Amino acid sequence: MALTLTSRRKRHKLAADAGLLVVAAAFCLPLAWVVLSAVDPDANLQVKAPDGLTFDNFDAILTQDITFTPLLNSLILCGGATLLTVVCAALAAYPLSRFRSRLNRPFLLTILFATSLPITAIMVPVYALFVQVDLIDTMQGTIFFFAASQLPFAIWLMKNFMDGVPKELEEAAWTDGASSFQSLIRIVLPLMGPGVSVVTVFSFVMMWGNFFVPFMLLLTPDQMPAAVSINEFFGNRGTVVYGQLAAFSIVYSTPVILLYVLVARRLGGGFALGGAVKG
Amino acid sequence: MTAAAPHAGPETAKSPPGPPGSPPAPPGNQLRRTLTRALPVSPALVLLVLFLAGPIAYCAYIAFTDLQLTGQAESSFVGFENFRKAFQDEAFLNAVWLTLVFTVLSSLVGQNTLGLALAALMQRASKPVRTLVGGIVITAWVLPEVVAGFLLYAFFRREGTLNAILDWLHLPSQNWLFTLPILAVSFANVWRGTAFSMLVYSAALNEIPKEITEAAEVDGASGWRRMWHITLPMIRRSIGTNLMLNTLQTLSVFGLIWVMTRGGPGGKSQTLPLFMYEQAFQNSLIGYGTAVALLLLLVGSAFSLVYMRLLRTEV
């Protein structure tokens, strides 16, 4: 009995491995295209072995106009908005986690509700509103909107991480005369370091990949982040140089993949789960 | 277990009204204390009100006006005209239909089922295979939206990889982005979004006690029967939350479709977000586009409320 069960398990394991590898191969095809084309001097739209190994595609795109300005813009936009999000979320989460008030529940429910609203839907009115108040085509306007759209989820996540820090440690500090603000900065935030880094990395990754928000709110080419400027490869340059497009895609995607790996390692699968409300 | 909200919540989460235990403070003091304690919330509150609640309220207002981008100094209130127009507009009804197809194909069927299948297989697979497959699927998910769009554009183009494979197998090839664009973008969304379901279901399956499935296995229940009678009922809450979140995410997909097809050809992959964009900007009808946006927002809110009920979280 036990023997058949073990051999059946072994067979199942092989079958599962085979099934997974088939799916993985299918998932791999588009990824293989971008990697192979980036080093192919003669790339087209198919996955194929490169006609030789070259870094010309990278050389061609690593210029001020094509790569560095858009990436710097992305960094300013996403960095600024992430900073704003994390600071506001940490401050807001503190009283929600630490003090009891009859306002907590309605506020948190509203926040939870807002985390899953389709933000895409409000981009047209946001555009109209930004035209009225003169925030259209400004970095700061885009940063504010980015931060606001990310805040509900960031507050929610931050509050849950903060609930995990025992209150006794702060109470000791309070007895010693520390203010709430001091205990937040000195005790709570350091203790929830992993939590803060999850919120930070997650916000940053979400915004780095977001196309629609900067596409709507920014108009001047000099201000475009990489998410939007990548379109240029199709627009004005005539025929598309696929090798360069692939090289640019890799340069643009690498930071978020690295950040994800960094945080995922540190926290196991939990980050991924906490993180995905607005894919 | 739940996807969006890792509730770490210990008892601080449940808040009976008023400060318990302490003697009742004089009303003035209590108000001041409440205000001081609420002060740190204010920066977030200001941002949320100005940049999120504000636009939503503005959305609800201009949906009832005839605001246009050009050639009009003043907009005026037109009541439900935009909505009446929408429901008589074939392009709008087409967009509603395509949104439905896109959501059902890519989120309900594709991401959900494939995600569950991957998670279930991973329970049995060997560790290196598990790590490899997880890594590849998650990479597709972490990639920026536009990059994912390009990769699948290259995959589905007439001269792309899919047709090359079909040719090699001597199967008929076709111009996928032209003949079946909604199918192509749905596949793209499955490619990009399955990782999320996979992670949700992996976590849920890990929580099922081993003894239960092992007992069923010893009793001779087949894999399918165990899945249907034991596993699925035990993870039904995860299924519910996952379906809600997938749907909400799919409703707001814009960049992926924009990059692959621009909603074309002839509106054959124009889901509601793309329809909204076209009306508001290519046709300069901001009022009309916003009315569509408001409908999308309402559908999203309904899903969001159901999701909150499912989560039944103890805030």
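Which helix of chain B does B:Asn242 lie in? Helix α12, which covers residues 236–251 of that chain. I will start from that residue and work outwards. Please keep in mind that this is a predicted model.

B:Asn242 has a relative accessible area of 0%, so it counts as buried, the cut-off being under 20%. Its side chain has a partner: a polar contact of 3.1 Å joins it to the side chain of B:Asn112.

Chain A offers a similar topic. A:Glu170 sits in helix α7 of chain A, residues 168–175. Its relative accessible area is 0%, and therefore A:Glu170 is buried. The side chains of A:Glu170 and A:Arg98 are joined by a polar contact of 2.7 Å.

Now to helix α4 of chain B, residues 90–124. What span should its 35 residues have? At 1.5 Å a residue, the expected figure is 51 Å. The C-alpha atoms at the ends are 49 Å apart, so the two values agree. The helix does bend, by about 30°, at B:Val104. At the start of α4(B), a side-chain oxygen of B:Asp89 comes to within 2.9 Å of the backbone nitrogen of B:Ala91.

The same helix matters for the next item, the largest pocket, where α4(B) gives the most to the lining, with 7 residues. The space in this pocket is about 890 Å³. It is lined by 25 residues, and those closest to its centre are B:Ala120, B:Gln123, B:Arg124, B:Arg226 and B:Met227. Which elements give two or more residues to the lining? From chain A there is α1 (2–38), and from chain B there are α4, α9 (181–207), α10 (210–218) and α11 (223–234). Both chains therefore appear in that list.

Last, the cysteines. A disulfide is a covalent bond between the sulfur atoms of two cysteines. How many disulfides are there over all chains? The count comes to 0. Take A:Cys78, which is in no disulfide: the nearest cysteine sulfur belongs to A:Cys88 and is 17 Å away, whereas the cut-off for a pair is 2.5 Å. A:Cys78 has 2% relative accessibility, so it counts as buried. B:Cys59 is buried as well, because its relative accessible area is 0%.

Terms used
Residues are numbered from 1 along each chain as its sequence is written. Chains are lettered from A and ligands numbered from 1 in the order in which they are written. This is a predicted model: local features need pLDDT of at least 70, side-chain atom pairs count only at pLDDT 80 or more; totals for chains, interfaces and linings use all residues. Side-chain values use heavy atoms; hydrogens and water are left out. Helices (H or I, at least four residues) and strands (E, at least two) are DSSP runs, numbered from the N terminus. The expected span of a helix is 1.5 Å times one less than its number of residues. The bend at a residue is the angle between axes fitted to the seven residues ending there and the seven starting there. A polar contact is a pair of N or O atoms within 3.5 Å; within protein, one must be able to donate a hydrogen and the other to accept it, and residues adjacent in sequence count only if both atoms are side-chain atoms. Buried means under 20% relative accessible area, exposed over 50%, partly exposed in between (1.4 Å probe, protein chains only). On a 1 Å grid over the protein atoms alone, a cavity is a set of points where a 1.4 Å probe fits but cannot get out, and a pocket is an open set with protein on both sides within 12 Å along at least five of seven lines; lining residues have an atom within 4 Å of a point. Grid points are joined across faces, edges and corners, and a volume is the space filled by probe spheres set on the points.
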